[in-house]
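Here is a friendly walk through one structure, written for someone who likes to think in atoms and contacts. Have a look at the model first, and then we can go through it together.

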Amino acid sequence: MKELSAPALHFRAAGRVFGARSAIDHLNLEIPPGEFAALVGPSGCGKTTILNLAAGLLAPTSGAVESFGGALTGLNPHVSYLFQQDTLLPWKTLEDNIALAATFSGRAGRDEAREWLTRLGLEGFGDYYPAQASGGMRKRVALAQQWLPRRPLLLMDEPFSALDIHTRQRMETELLNLWDSDQRTVLFVTHDLEEAIALASVVYVLSAGPGSRIVNRYPIHLPRPRAIAELRLDPRFTDLYRAIWDDLRPEVQRAHAR
Amino acid sequence: MPGKHVLGYQLGLAAFLLALWEAGARATWIDPFFFSRPSLIGARLAEWFSTSLIWGHLGATLLEALLAFVLGSAAGIVTGFWLGRWPLGAAVAEPFLQTANALPRVVLAPLFIFWFGLGIASKVAFGMTLVFFLVFFNTYRGVRSVERALIDNARLLGANERQLLRHVLLPSALGWIFSSLEASIGLAMVGAVVGEYLGATGGLGYLIAQAEGLLDTTGMLAGMALLAVVVLLIAALVRRAERRLLRWQQPR
Ligand SMILES: Nc1ncnc2c1ncn2[C@@H]1O[C@H](COP(=O)(O)OP(=O)(O)OP(=O)(O)O)[C@@H](O)[C@H]1O
Ligand SMILES: [Mg+2]
């Protein structure tokens, strides 16, 4: 059952194999409620697998995954999940896509959806179809679609990696504003270390696969609210970057060597 | 874009071919007994439409085709969705469906007339067997090709199986289903006409068979011309419905 004190996510020696290949192995990870955790690691190390386990889309082949005190059997009812790929429904307008969770729970959700369009600077684009919207617009709509159901845990899989740098910084700011306004738990996957440090309150470094584990955990004590664009010049930021990169570099090199 | 002159060229080409046919038949380069002449066919059509008899034949064929189309498509769509969401059932059913589909369906027509009589039922049943498989295979493929992430995302946002069907699977499969509907209307007409041709008391196929019995090429060709026009009209209607329902595929 859901308890306030229980971790939003708890991986207990969790492992997952695909056929003969082990994606993650004996993974221990505990994320308390309200934390903004970032997960960095080389490509193919199992980041998406970890999120799929957290969402209950995959079952661990060893160990256990718990969310808010309950072991997961099937879909995790506490999560929203912003996928790595585009998941807006192409046959629904942007407004209807934002209101999708409301539609599934039997409400119209129109007013809320309109409010969000305005809030994200998409006023007047509500009746566009995704194919007519730019990549940045689609990401904003996808973020609203996931934020709106008010689930306590938000999983994000490299959500901004396909965006240009300006759109990206705008989205990062947007996300931080949202998170500052109601402290949900966020598990944010990226392979961009700068992004991880700029956003998160704690950064986890994953080892290269197969059989990935957590290599290290770095609390990020940078003051909030953070100004994304300027933060990267802050000496505390660069110190953190250097320290974490020393851990991450060998993993990236190992991943490339294969 | 090919431009706005296309329709003009098309009409011109049709007029040219008909004129060539007419002139060739009049000059007896081609034998009018075997090939008739456009003007004779036109006159025959005018004659048919001057009495109310032709409407009865046309109506009978259209009703058979419509029933075959609606029932066959409905069965195909329902079965397609059902097996598309149920891998075990699909695996079990596959060899049976492949076998049934591999059978040249025309040989079923005499059997159906034997079973269901000379009336409408045998034509509808025959047309259904033609329509069903086409719609079924397309629907099945459409349901199976829905991206995994779209389904996962909808389920995580709280969709139950019925909502998943309505908001994700059905719209996604609609493009595939529509691409088969135009062809299946043609097949439904084929079913009706072939059924009538082999044994009936009315309908376009019956008219053509009768003309054939009298060695009347003009009558046979008039029946075929009428058939072609009807199929083209219905196909145009389906395309309109498709454009409406698949608006999201055409960015403004
Ligand atoms: N469904 C699956 N079937 C087989 N192997 C899989 C499956 N999903 C993931 N894998 C394998 O597990 C490993 C980890 O994959 P995962 O997608 O979690 O990596 P990732 O860290 O998200 O990579 P990227 O940064 O490129 O997105 C990879 O070797 C991948 O090939
Ligand atoms: Mg990934």
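By class, how many nonpolar, polar and charged residues does the shell around ligand 1 have? There are three nonpolar, six polar and three charged residues. Please keep in mind that this is a predicted model.

**The shell around ligand 1**

The residues in question are Phe18(A), Arg21(A), Ala23(A), Ser43(A), Gly44(A), Cys45(A), Gly46(A), Lys47(A), Thr48(A), Thr49(A), Gln84(A) and Glu158(A). Two elements of chain A, strand S2 (21-31) and helix H1 (47-55), each supply at least two residues of this shell. H1(A) gives the largest share, with three residues.

Some atoms of the protein can be paired with oxygen atoms of ligand 1, and the table puts three such pairs side by side.

| Residue | Protein atom | Partner | Distance |
|---|---|---|---|
| Gly44(A) | backbone N or O atom | oxygen atom of ligand 1 | 2.8 Å |
| Lys47(A) | polar side-chain atom | oxygen atom of ligand 1 | 2.8 Å |
| Thr49(A) | polar side-chain atom | oxygen atom of ligand 1 | 2.6 Å |

As for surface, ligand 1 taken alone exposes 630 Å², and the protein buries 60% of that.

**The magnesium ion**

Two members of the ligand 1 shell, Thr48(A) and Gln84(A), turn up again at ligand 2, a magnesium ion, as its protein donors. The donor atoms are OG1 of Thr48(A) and OE1 of Gln84(A), and they lie 1.9 to 2.5 Å from the ion. This pair links distant parts of the chain, with the two positions 36 residues apart: Thr48(A) belongs to helix H1 of chain A, while Gln84(A) sits in the loop between strand S6 (79-82) and helix H2 (94-98) of chain A.

Are these donors buried or exposed, or something in between? Thr48(A) has a relative accessibility of 29%, so it counts as partly exposed, since that class runs from 20% to 50%. Gln84(A) is partly exposed as well, with a relative accessible area of 39%.

**A glutamate in helix H9 of chain A**

Glu251(A) is part of helix H9 (residues 235-257) of chain A. Why does Glu251(A) count as buried? Its relative accessibility is 11%, and buried means under 20%, so the label applies. The side chain of Glu251(A) makes a polar contact of 3.0 Å with the side chain of Arg254(A). Leaving aside neighbours within four places in sequence, Glu251(A) is in contact with Pro42(A), Leu206(A), Ser207(A), Ala208(A) and Val215(A).

**Chain B**

Now for the other chain described here. Chain B has 11 helices and zero strands. Its C-alpha trace spans about 75 × 50 × 30 Å along the principal axes. Of the 252 residues in chain B, 42% are buried. Among contacts in chain B with a separation of 6 or more, 73% come from residues 24 or more positions apart. The accessible surface of chain B comes to about 14,200 Å², and carbon and sulfur atoms account for 71% of that.

For a single position to look at, try Ala60(B) in helix H4 (residues 53-84) of chain B. Ala60(B) is partly exposed, with a relative accessible area of 25%. Which residues does Ala60(B) touch, not counting those up to four places away in sequence? They are Glu196(B) and Gly203(B). By contrast, the C-alpha atoms of Ala60(B) and Arg166(B) are separated by 35 Å, and these two residues are 106 residues apart along the chain.

How values were computed. Residues are numbered from 1 along each chain as its sequence is written. Chains are lettered from A and ligands numbered from 1 in the order in which they are written. This is a predicted model: local features need pLDDT of at least 70, side-chain atom pairs count only at pLDDT 80 or more; totals for chains, interfaces and linings use all residues. Side-chain values use heavy atoms; hydrogens and water are left out. A residue is near a molecule or strand if one of its heavy atoms lies within 4 Å of it. A polar contact is a pair of N or O atoms within 3.5 Å; within protein, one must be able to donate a hydrogen and the other to accept it, and residues adjacent in sequence count only if both atoms are side-chain atoms. Accessible areas come from the Shrake-Rupley method with a 1.4 Å probe; for residues, only the protein chains shown count as cover. Helices (H or I, at least four residues) and strands (E, at least two) are DSSP runs, numbered from the N terminus. Ala, Val, Leu, Ile, Met, Phe, Trp, Tyr, Cys and Pro count as nonpolar, Asp, Glu, Lys and Arg as charged, and the others, Gly among them, as polar. Buried means under 20% relative accessible area, exposed over 50%, partly exposed in between (1.4 Å probe, protein chains only). Contact means heavy atoms within 4.5 Å. Donors are N, O and S atoms within 2.8 Å of the metal (3.2 Å for Na, K and Ca); water is not among the atoms, so sites may look incomplete.
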